[in-house]
Amino acid sequence: MPSSFTIPVPSDFDLKRDLCSYGYFLLAPNHWDVRRQVFTRTLLLDDRAVTLRVSQKSTGSPLKVAADATLSRMGRDEATRQISRMLRLDEDAAHLAAFHAVDPRWGESGRGRIMRSPTLFEDIIKTVTSCNVTWPSTIVMNRRLCEVLGKQSSSGLFAFPDAKKLASARAQTLRARCRVGYRDARIIELAKLYLKAERGGRPARQTAKPTTKPSTKAAPLIDLAVLNDLATSDDMIFKSLVALPGIGPYAAANIMQLLGRYARLPLDTESVRHGRTLLGFKGSSAQVMRKVQAHFKPFGDHAFRSYWFEMWAFYESKHGPAWTWERDSTGKMFTAAQLSQ
DNA sequence: GGTAGACCTGGACGC
DNA sequence: GCGTCCAGGTCTACC
């Protein structure tokens, strides 16, 4: 009999607001049903793909989770852990109050949580698939990664491929079938490094043959204990991330916010557009980026959240609340590049 | 340290 | 339908 269970949430938690708070909610294998207000996500649980349907009656009420398979106690615990990570349930009202004290603009709406992936690995790969492409290509890459390499649940839906699967994938497959282009070798390298980290430092099996030359960055290493340790400085985290293949300053800063470190801004062309159109900054792209950086510096450890919700509010002013965006229509054009047209 | 050009894909556009 | 141009962040070579 399929499992169903509940997950307690902070009193201010609002599923539709807090899930639909970052573009990743539009990327496979995530799916938000606008009409039913149900979040569907397939996870790897009990060594197989299980599709979960998550809903909430009202703000602060527990999440109702319905699985399409029977889960063991360990499977339910793992599902709870992964969903909690995605929805940042560890960030309670007191935690968000610190942000709202620094930037009161979001106090009334309660904005503060920024959706992420169930694992750091998926966050890293999703970040790589968002670099040097337009948003529709990112959507395609994630969908194909799931369809080509992800496990399928009994509902016919796919999970995101884990590090083991991507570490042993062929670069040719990633390029030709998942349409990741030159990112093929970098994704495989990242998967191997992550797998090594998960296994406590043991090297992954060498099976993939990259179609392009792998990165020549010096001695990249993923140390999960260091990345998750609050005592590690932001500078050290940033330095270790930019040493990874396919990760530059933008990607590193983005992964940092996904880790819950909000002091740095992932500056990209969106930042420049935002700086010019909303903040009124003038000058070259580099100059505008520096001005955007300086503009949000007073928000200190919460800089990214102030920056992000300001941009998100701009997107919503153009196309309505994010929880009304359909993945295949509005969701394909939510970046400022499209919305400003 | 700063900069130019290559890396890929998909969409827009002109013919 | 085809060819060309462009957007997008990272990486390497070069100055």
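Buried here means under 20% relative accessible area, exposed means over 50%, and partly exposed covers what falls in between. Keep that in mind as you click around, and remember that this is a predicted model.

**Stop 1: Ala93**

Select Ala93, which lies in helix H3. Its relative accessibility is 36%, so Ala93 counts as partly exposed. Show what surrounds it: leaving out residues up to four places away in sequence, Ala93 touches Asp12 and Arg113. For a sense of scale, pick Val226 too. The C-alpha atoms of Ala93 and Val226 are separated by 27 Å, with these positions 133 residues apart along the chain.

**Stop 2: the charged group beside Ala93**

Stay with the two contacts of Ala93, Asp12 and Arg113, and add Arg17 and Asp18 to the selection. Asp12, Arg17, Asp18 and Arg113 are linked in a network of salt bridges. In the whole structure, a search finds 21 salt bridges, and the next stops visit a few of them.

**Stop 3: Glu91 and Arg305**

Now select Glu91 and Arg305. They form a salt bridge, with the closest N and O atoms 3.3 Å apart. Why does this pair tie together parts that are far along the sequence, 214 residues apart? Glu91 lies in the loop between helix H2 (73-87) and helix H3 (93-102), while Arg305 is in helix H14 (residues 303-319), so the bridge spans those 214 residues. Are the two ends buried or exposed? Glu91 has a relative accessible area of 4%, so it is buried. Arg305 comes out at 1%, so it counts as buried as well.

**Stop 4: Arg41 and Glu122**

Next, pick Arg41 and Glu122. This is another salt bridge, and its closest N and O atoms are 2.7 Å apart. The pair links distant parts of the chain: Arg41 sits in strand S3 (residues 38-45) and Glu122 in helix H4 (residues 120-129), 81 residues apart. Both Arg41 and Glu122 are buried.

**Stop 5: Ser117, next to Glu122**

Keep Glu122 on screen and add Ser117, from the loop between H3 and H4. Its relative accessible area is 0%, so Ser117 is buried. Which residues does Ser117 contact, leaving aside its neighbours within four places in sequence? The set is Tyr24, Arg85, Met86, Glu122, Asp123 and Lys126. Zoom in on Asp123: a polar contact of 2.7 Å joins its side chain to that of Ser117.

**Stop 6: Asp184 and Arg175**

One more charged pair. Select Asp184 and Arg175, whose side chains meet in a salt bridge of 3.1 Å, N to O. The two ends get different labels from the cut-offs. Asp184 is at 0% relative accessibility, so it counts as buried. Arg175 is at 29%, so it counts as partly exposed.

**Stop 7: the sheet**

Switch to cartoon view and colour the strands. What is the strand order in the open sheet? The 5 strands run S1-S5-S4-S3-S2, and the pairing is antiparallel. Strand S1 (4-7) and S2 are the edge strands, each pairing on one side only. From one strand to the next, the twist averages 30°.

Zoom in on the S1 side. Here 4 bridges join S1 to strand S5 (residues 63-67), and the two run antiparallel. Select Phe5 and you will find Val65, in S5, standing opposite. Then turn on H2, which packs on the sheet and touches S1, S3, strand S4 (48-56) and S5. The direction of H2 makes about 125° with that of S3.

**Stop 8: backbone oddities**

Finish with the backbone torsions. Most residues other than glycine have a negative phi, and most peptide bonds are trans. Here are some exceptions to look up.

- Ala28 and Pro29 are joined by a cis peptide bond, with omega at about 5°. Pro29 is in the loop between helix H1 (15-19) and strand S2 (31-33).
- Gln37 is not a glycine, yet has a positive phi of about 55°. Look for Gln37 in the loop between S2 and S3; at 32% relative accessibility, it counts as partly exposed.
- Asn132 is not a glycine either, and has a positive phi of about 60°. Asn132 is in the loop between H4 and helix H5 (135-149), and with a relative accessible area of 63%, it is exposed.

Methods
Residues numbered from 1 in each chain as written. Chains lettered and ligands numbered in written order. Predicted model: local features only at pLDDT ≥ 70, side-chain atom pairs only at ≥ 80, totals over all residues. Heavy atoms only, no water. Salt bridge = Lys/Arg side-chain N within 4 Å of Asp/Glu carboxyl O. Buried < 20%, exposed > 50% of the residue type's maximum accessible area, 1.4 Å probe, protein only. Contact = heavy atoms within 4.5 Å. Pairing = 2+ DSSP bridges. Axes fitted to C-alpha atoms, helices over the stretch in contact; angles between N-to-C directions. Polar contact = N/O pair within 3.5 Å; in protein donor to acceptor, adjacent residues only side chain to side chain.
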